[in-house]
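Let's sit down with this model together and learn to read it one feature at a time.

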Amino acid sequence: MSLDSKIPPGPLADKWTNHKFKSKLVNPSNKRKQKVIVVGSGLAGASASATLAELGYQVHCFTFHDSPRRAHSIAAQGGINAAKNYQNDGDSVYRLFYDTVKGGDFRSREANVYRLAEVSSNIIDQCVAQGVPFAREYGGHLANRSFGGAQVSRTFYARGQTGQQLLLGAYSALSRQISLGAVTMHTRVELLDIVVDDGHAKGIITRNLETGEIACHAGSAVVLATGGYSNVFYLSTNAKNCNVTATYRAYKRGACFANPCYTQIHPTCIPPTGDAQAKLTLMSESLRNDGRIWVPKKAGDKRPANSIPEDERDYYLERKYPSFGNLAPRDIASRSAKEVCDAGHGVGATGVGVYLDFSHAIKRLGEDTIRARYGNLFHMYQKITGDNPYEVPMKIYPAPHYTMGGLWVDYNLMSSIPGLFVIGEANFSDHGANRLGASALMQGLADGYFVLPYTIGNYLATEKVEIADTDGEAFKQTKEEAVSVINKLLSVKGTKSSSHFHRELGKIMWEYCGMSRDDAGLKKALEQIPQLREEFWNDVSVLGDNDSYNQALERAQRVADFLEFGELMCLDALTRTESCGGHFRAESQTDEGEAQRKDDEFSYVSAWKFQGVEKTPELIREELNFENVELAVRSYK
Amino acid sequence: MFCLCTGDRKVFIYLQTGGTSNEWEHMSSPQSFFSSTIGKKVVMAVTGFLLIGFVVAHLVGNLQVFLGAEVFNAYAAFLKSIPGPLWIARIGLIVIFVLHLYNAFSLRKIISAARPVDYNKQATVQASAASRYMLHTGVVILLFVIVHLAHFTLGYLQPEHFSKTDALGQHDVYYMLVQGFLNPVYAGFYIFCIVMLGIHLSHGISSMFQTLGFCRPNVKNKLELAAKAIAAGITLGYISIPLAVIANVVTLS
Amino acid sequence: MDFTLHIWRQDNNKSSGSFKTYRALDITPEMSFFEMIETVNEKLECNGAGDGRIALEYDCLEGICGTCSLVINGVAHGPNRGVTTCQLHMRSFNDGDHITIEPFRAKAFPVTKDLVVDRSAFDRIIQAGGYVSVNTGGAPDANALPIMRDVADRAMDAAECIGCGACVAACKNGSAMLFTSAKVSHLGALPQGAPERSKRVLKMVDQMDAEGFGSCTNQYECEAVCPKGISTKFIAQMNRDYMRASLSRED
């Protein structure tokens with residue numbers, strides 16, 4: 001099998017315009033006969049649902065939350081990029097495109113990324129028209145800041161709540177369509193499976209979380225906007241309920257999963273305090289602008305930070321990367337932190353954590369300046385940890401944050417199952433092996449507002465899709481299979497909670513498939529995960545029944561999928577013996593310990609096709625061709 | 001399409017972008033202002049404001065008791081000499097009072113229905129006692145008004161002091177008042193009720209500003225202070241009369 | 001640290017509930033409130049004879065998604081100000097404390113199970129008019145219409161609302177005025193929201209009343225527990241908007 005990315009011909013800058021023109025349109029009178037199912041109501045899902053409904057389609061939108069406003073897009077703090085060049089600092093669509101491709105370590109598709117940069121401006125216009133209160137200058141125009149090491153100021157923001165404000169914008173557009181009857185909203189309904197008939201996605205099977213009702217929904221097309229899978233690590237900055245179930249079950253139905261090993265680990269998070277830790281909290285990366293990162297030189301030194309003299313401190317980033325120092329890129333900063341902790345220099349009661357020290361900055365700039373710059377972050381840190389960062393150094397540690405991998409999609413955002421579209425973090429398309437700061441919000445909204453609504457029309461017009469009968473064989477069978485998974489979980493009646501297995505899986509993934517991966521470790525993980533999975537199916541305890549609000553059952557289903565998905569991730573990491581972006585293979589580094597890409601061997605997308613739970617999936621390669629940018633190697637020495 | 005809109009003291013041009021026509025038309029027409037919770041609150045605020053006006057005017061009248069029996073009785077006689085305006089004011093007051101009461105109970109019904117199962121553990125973070133017991137103080141005030149009318153307007157209580165006339169042949173209101181407050185039960189009841197009125201007003205006046213939409217924080221803080229001062233002034237003003245009677249400052253001689 | 005928890009258990013919105021007592025043992029002060037309850041849940045989940053997990057909702061665990069609720073010792077989101085329950089840590093309690101945990105209580109927030117309530121009434125209030133009627137595409141350039149910075153800031157102050165419902169839970173009257181006024185004031189402050197300002201406030205207040213929320217008696221308990229510190233000045237603003245809109249209605 002091979003995968004056709006359907007990248008339109010022509011010069012890079014004209015591809016999207018030409019493609020839109022060549023796409024077939026659905027006759028307005030036929031649009032209302034077409035029913036589109038959108039799973040997920042975050043930035044991508046809500047924006048797509050609203051826009052499709054505005055176009056005249058019947059839309060059914062599903063979320064497992066109690067309200068579409070709760071999706072984890074809401075937690076993005078930093079901002080959203082757009083190539084507006086309002087600051088006249090030399091930004092352009094091409095520069096945003098180039099920065100994104102380079103930031104993705106040359107593992108993304110040029111055409112997709114260019115389109116993303118192209119529509120980025122429209123997103124800001126759209127959001128402002130919806131009433132998103134972006135920060136403004138005194139003249140009344142929009143304010144920008146530079147973010148994530150970008151050399152231009154192209155990031156738009158709304159205090160520290162950009163994600164929430166953008167989501168509320170999309171949610172308001174969605175609410176408007178709900179009130180007009182154009183969108184039917186299904187809250188507290190979780191996807192169990194995708195129904196594929198005759199090679200096309202025909203609908204979904206869902207479970208109502210309150211009543212346990214298993215229902216069939218048929219549609220002309222299915223859109224997954226179900227987010228990323230960072231929670232495979234158990235501890236991540238993702239919300240507690242984020243999961244891989246929708247994308248993984250689509251994978252089991254034949255959609256290819258692309259680059260699952262590309263995960264982004266954020267260096268500045270609050271470290272875990274013990275086994276009961278439920279998740280990790282992200283602190284803005286901007287803290288590294290003025291904070292100095294260090295650990296005690298002596299391993300196991302448990303003295304309080306302020307009583308360790310200057311000459312017994314190891315400012316390891318400044319030592320190893322003299323020119324970038326504490327501002328070394330995310331992956332390098334993260335990896336170095338883990339290295340020093342693994343070597344026994346970690347700080348805090350648990351020994352996982354490094355100091356981020358502001359005492360020098362406070363001495364140099366004064367406490368007031370630091371307060372003005374980071375006051376809210378210091379406040380948040382103090383609320384969570386009880387420590388005062390003005391007096392004692394902060395403790396930080398890396399945590400999984402975003403997953404670049406996801407379901408494989410072509411230029412039209414359609415997966416390898418015709419009729420199944422995937423948008424937002426759930427797909428793999430735009431970030432390559434690493435994501436730039438403030439680009440996640442941009443991609444989610446680009447897909448939902450400006451890309452999918454065009455490309456889905458072409459599919460519906462070309463395929464002349466008929467909505468299937470939910471009493472048909474395909475629906476019946478898929479539903480039975482979904483029910484049997486539930487019954488199986490309920491019948492184990494073991495002794496351990498699903499969270500226990502999730503934590504154990506997280507430890508394996510973090511240890512062997514985290515910031516630094518190597519052959520031996522990944523092989524070990526590939527041995528341990530199936531064992532853990534077997535133990536899960538023999539010893540998990542899921543009390544209650546299917547006919548009521550049963551959170552134990554919800555969680556157990558998600559953990560069951562993570563237990564299979566973890567294996568796929570490790571397999572992908574094992575086969576990619578280069579280091580690129582968020583994926584660092586210990587075997588592939590320069591003499592200085594820098595990640596080493598192998599463009600000759602690995603300039604491709606790894607798309608995995610499911611063959612059976614205990615079987616090795618098939619690897620399908622989509623070659624990446626770079627016609628417009630030159631593959632460069634970064635150096636942070 | 002360009003349209004010129006005015007809003008909030010600023011004029012600006014709004015560039016309208018798309019939007020389905022007749023967007024809002026599919027919805028039913030709005031409920032009437034007076035049946036909405038905000039409308040009812042506004043009625044409470046406006047009637048409350050008018051009642052405060054009465055309370056202040058009445059206080060000004062009453063304080064004339066300190067000027068002696070002649071002045072005070074003449075004032076009462078003057079009011080009686082203009083039956084037209086007096087009755088208009090009385091009927092107006094009754095209507096306002098009834099509206100205030102009706103809306104209070106109507107809102108109370110909505111409020112009770114809004115939380116059918118109450119918290120097992122009750123806690124209050126910042127709500128003042130006055131704000132939490134508005135209904136209770138209000139009911140006390142209602143009882144007081146009835147008793148007060150029965151006492152001084154209709155003469156059902158202490159009828160022996162009610163029918164007296166002074167040297168000028170006017171109704172001796174001064175005598176009735178002093179006799180009334182010399183009775184410790186009536187005086188105590190009066191003082192208690194006026195304190196309740198003060199508590200009611202201390203929240204009621206500031207609440208009125210909020211309900212009527214005075215929202216600028218710096219103005220609001222000043223209004224809050226003003227509200228407390230007005231409530232305190234009214235309370236002290238009224239209480240001063242029975243206290244003066246008890247302390248023999250206002251006497252029959 | 002050890003705690004005694006008195007937790008409301010209720011099967012669904014049709015059944016009646018009651019308090020049950022649980023012990024949370026060996027809790028560390030660093031633990032968050034939910035991590036503490038999860039230690040109890042972990043035991044309940046593995047004990048076939050017990051009551052099963054205590055149903056409760058939380059998601060982002062950083063105080064922004066508005067999923068978590070809980071009334072802790074009578075106060076929505078617990079004893080600390082300006083935080084959600086998920087940002088509450090056990091160091092805010094003393095060893096041996098008895099902690100009463102109840103769901104948000106309001107007619108408009110029926111209990112789904114145990115500590116989980118249905119807040120879809122808020123969604124319906126937004127659906128009634130909490131939006132700007134603008135379709136995707138064709139929006140003018142974002143800088144075409146300058147907005148005074150203090151106007152944008154005021155809109156942002158109101159827009160910070162996370163829709164958690166603590167205002168309703170804390171209000172002695174079960175009123176949703178703070179939530180509704182935050183959205184009305186956010187959009188009403190901006191020129192983009194101005195054309196629909198009157199219709200929006202009428203429709204949203206109507207929906208708020210229809211959902212069975214109580215009325216505001218200006219006690220400001222909502223403001224005290226609001227994790228985002230939304231000011232009650234927005235309620236005054238909405239009162240004014242509503243009066244003006246009612247007076248200028250043409251139908």
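**Reading a salt bridge and its surroundings**

Q: Which residue forms a salt bridge with Arg313(A), and how far apart are the closest N and O atoms?
A: The partner is Glu310(A), with the closest N and O atoms 3.6 Å apart. A salt bridge here is a side-chain nitrogen of Lys or Arg within 4 Å of a carboxyl oxygen of Asp or Glu.

Q: Is Arg313(A) buried or exposed?
A: The scale first: buried is under 20% relative accessible area, exposed is over 50%, and partly exposed is in between, with a 1.4 Å probe and protein chains only. Arg313(A) has a relative accessible area of 9%, so this residue is buried. Glu310(A) counts as partly exposed because its relative accessibility is 42%.

Q: Before we go on, what kind of model is this, and what are the ground rules?
A: This is a predicted model, where local features need pLDDT of at least 70 and side-chain atom pairs count only at pLDDT 80 or more, while totals for chains, interfaces and linings use all residues. Residues are numbered from 1 along each chain as its sequence is written, chains are lettered from A and ligands numbered from 1 in the order in which they are written, and side-chain values use heavy atoms, leaving out hydrogens and water.

Q: What average pLDDT does chain B have?
A: pLDDT is the predictor's confidence in each residue, from 0 to 100. Chain B averages 87, and 88% of its residues score at least 70. Over residues 1–21 of chain B, however, the pLDDT is below 50; this stretch still has 40 contacts in the model beyond near neighbours in sequence, a contact being heavy atoms within 4.5 Å. Where pLDDT is low, the predicted coordinates should not be read in detail.

Q: Which parts of chain A does the salt bridge between Asp539(A) and Lys496(A) tie together?
A: Helices (H or I, at least four residues) and strands (E, at least two) are DSSP runs, numbered from the N terminus. The side chains of Asp539(A) and Lys496(A) meet at 3.3 Å, N to O. Asp539(A) lies in helix H15 (residues 519–539) and Lys496(A) in the loop between helix H13 (473–492) and helix H14 (498–512), so the pair ties together parts 43 residues apart in sequence. Asp539(A) is buried, at 16% relative accessible area, and Lys496(A) is partly exposed, at 27%.

Q: How many salt bridges are there over all chains?
A: The count comes to 59. There is also a network of salt bridges that links Asp66(A), Arg70(A), Arg188(A), Glu210(A), Glu57(C) and Arg119(C).

Q: Which strands pair with E9(A)?
A: Two strands pair if DSSP finds at least two bridges between them. Strand E1 (residues 35–39) of chain A pairs with E9(A) in the parallel sense over four bridges, and strand E17 (residues 420–422) of chain A does so in the parallel sense over three. Val222(A) is the bridge partner of Ile37(A) and stands opposite Leu420(A) in E17(A).

Q: Which residues cover the two faces of strand E9 (residues 221–224) of chain A?
A: Ala221(A) and Val223(A) are on one side, Val222(A) and Leu224(A) on the other, and all are buried.

Q: Where do the domains of chain A lie?
A: Domain bounds come from an automatic or database domain assignment. For chain A it gives domain 1 (265–399) and domain 2 (480–599). Their C-alpha centres lie 29 Å apart, and the count between these domains is zero salt bridges.
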